[in-house]
There are 2 protein chains.
Amino acid sequence: MKLITRDTDYALRAVCFIAKNKERLYPVSSLVKNLRIPGPFLRKLLQVLHNKGILNSFKGKGGGFSLAKPPEDIFLTDIMHIFQGEFCLNECSLGKGICPHTKDCPLRERILRIEKYVRKELSSVAVASLIK
Amino acid sequence: MKLITRDTDYALRAVCFIAKNKERLYPVSSLVKNLRIPGPFLRKLLQVLHNKGILNSFKGKGGGFSLAKPPEDIFLTDIMHIFQGEFCLNECSLGKGICPHTKDCPLRERILRIEKYVRKELSSVAVASLIK
DNA sequence: AGTTAATGATACCATAATAGTATCATATGT
DNA sequence: ACATATGATACTATTATGGTATCATTAACT
Ligand code: FES
Ligand code: FES
C-alpha cells in the first residue's frame, strides 16, 4: 500500500527540483535529464500542476516552468490532493449511505483517528523543508 | 485511498459474523444471506482464511466454517496481512536500491514515523473488540 | 517571414490490479 | 444414491495506473 502514488512522487520531485533555483525556467527536457522521469508523462503532470496554480509556465522558445509561489507555501498535501484526490482512509466497502453501521461502527471510529493523525503529519511537510 | 481493501473488509465482516456464535458452523450460503457479499467471491476468501489458520472448515452436508481461535486472538492486522501483504507506506517510487536518497530522504523519515503509528493503532484491534 | 523550441489540450494505448465467476473434484450426513 | 458442503484452480470482466502520441498554439531568434 502506498501513501504516495507515482504521480505525486514524480510531481513532487519535479517541484522540489525547480524550487532549488527559483529564478530559472525549467523546460521538461531539462527535468527529464535530471530526474529520469518519462518525458511525455512528466509533461502531463506539470501541465496539471500549472492548471492548479502550483507552477508558472511559459510557452515558446526559452520557455518552461517555474514555481508559482514560494516553496514554504507548497505542501505535500497540496500535491497529494491534486493527484490522489481527497485523502480518506475510512471508506467503508459498503457504500456511504448504504452501510447501516456508519454511525456506530467501531472500526470507523478508529480509522478516523488514524486518518486525522496522518493528515496532520502530512500537512506539516512543505516543499521548502524538503530541499535542504 | 483505502487503508482496508474490499477483500479484507469482506473477510473481516465474515469473521466477525462467525465470531458472534462460536459453536455454530456457517456455510457460505448462510453468510451470503446475512452479509450480502457475492457468494463465489466470499467462498474464495473464506478458503484463504482457512488455509491461513483463521478459520476451521468442515466439508459435506452440514459443514461450513467456524473460528479456528478465540476472537481475542484474531487481529485486524492478521487479516490485512493475508489479503494486502506486508503493510508498508513508504515505498519510494524509485525502487529500493535504485533510489540514492534512501538513507537521508527527509520524506522517508516522516513516512516511516507515520507507518509506525498506524501499524501500532491497527495491531490493537482484535475481532473480539469489534463484535460487541 | 520562417524555423525552432517550448507548452496546452486531449485522445489514445498497454499493463496490472481488482473484483468476481465457473468448474470440477472431493467429502459427508441422510 | 443424493444433496449439500468445501478444495483447488482457472477463467473473465472492469477499472486504475502509467505512459504515448498528436495537433494546436506561442514565442524567441535568426
Ligand atoms: S462497516 Fe460500514 S462504516 Fe464500518
Ligand atoms: S526519494 Fe527515494 S527514498 Fe525518498
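Where does Gly62(B) lie in chain B? Gly62(B) is in the loop between strand 1 and strand 2 of that chain.

## Ground rules

This is a predicted model, where local features need pLDDT of at least 70 and side-chain atom pairs count only at pLDDT 80 or more, while totals for chains, interfaces and linings use all residues. Residues are numbered from 1 along each chain as its sequence is written, chains are lettered from A and ligands numbered from 1 in the order in which they are written, and side-chain values use heavy atoms, with hydrogens and water left out.

Helices and strands here are DSSP runs numbered from the N terminus (helices are H or I with at least four residues, strands are E with at least two).

## Two spots to start with

Back to that loop. Gly62(B) counts as exposed because its relative accessibility is 65%; the cut-offs are under 20% relative accessible area for buried and over 50% for exposed, with partly exposed in between (1.4 Å probe, protein chains only). From Gly62(B) to Gly39(B), 23 residues apart along the chain, the C-alpha separation is 18 Å.

Ile18(A), in helix 1 of chain A, is a buried residue, because its relative accessible area is 0%. Leaving aside residues up to four places away in sequence, Ile18(A) touches Tyr26(A), Leu31(A), Leu55(A), Phe65(A), Ser66(A) and Leu67(A), where contact means heavy atoms within 4.5 Å. Its C-alpha atom and that of Lys59(A), 41 residues apart along the chain, are separated by 17 Å.

## Where the chains meet

Now for the protein-protein side of things. Chain B and chain A each put 32 residues into their contact. Together they bury about 3100 Å², with 62% of it on carbon and sulfur atoms; buried area is the accessible area (1.4 Å probe) that two parts lose on being put together, summed over both. Between the two chains there are 6 residue pairs in polar contact, both residues being at pLDDT 80 or more. A polar contact is a pair of N or O atoms within 3.5 Å; within protein, one must be able to donate a hydrogen and the other to accept it, and residues adjacent in sequence count only if both atoms are side-chain atoms. On chain B's side, helix 1 (6-19) and helix 5 (106-122) each supply at least two residues, and helix 5 gives the largest share, 10 residues. By class, that side of chain B has 20 nonpolar, 4 polar and 8 charged residues. For these classes, Ala, Val, Leu, Ile, Met, Phe, Trp, Tyr, Cys and Pro are nonpolar, Asp, Glu, Lys and Arg are charged, and the others, Gly among them, are polar.

The rule finds 2 salt bridges across this interface, a salt bridge being a side-chain nitrogen of Lys or Arg within 4 Å of a carboxyl oxygen of Asp or Glu. One of them pairs Arg113(B) with Glu121(A), whose closest N and O atoms are 3.5 Å apart. Glu121(A) belongs to helix 5 (residues 106-123) of chain A and counts as buried because its relative accessibility is 14%. Not counting residues up to four places away in sequence, Glu121(A) touches Arg113(B) and Ile114(B).

## Around DNA strand C

There are 23 residues around DNA strand C, the closest being Arg43(A), Gln47(A), His50(A), Ser57(A) and Phe41(B); a residue is near a strand if one of its heavy atoms lies within 4 Å of it. Sugar or phosphate accounts for 56% of the strand C atoms within 4 Å of the protein, and bases for the rest.

A polar side-chain atom of Gln47(A) is 3.2 Å from a base nitrogen of strand C, and one of Ser57(A) is 2.5 Å from a phosphate oxygen. From chain B, a polar side-chain atom of Lys59(B) sits 3.5 Å from a sugar or linking oxygen.

## Around DNA strand D

DNA strand D has 23 residues around it, of which Val28(B), Arg43(B), Gln47(B), His50(B) and Ser57(B) come nearest. Here 60% of the strand D atoms within 4 Å of the protein belong to sugar or phosphate, with the rest in bases. This surface has 8 nonpolar, 7 polar and 8 charged residues.

The side chain of Gln47(B) has an N or O atom 3.2 Å from a base nitrogen of strand D. For Ser57(B), a polar side-chain atom lies 2.6 Å from a phosphate oxygen, and chain A joins in through Arg6(A), with a side-chain N or O atom 3.2 Å from a phosphate oxygen.
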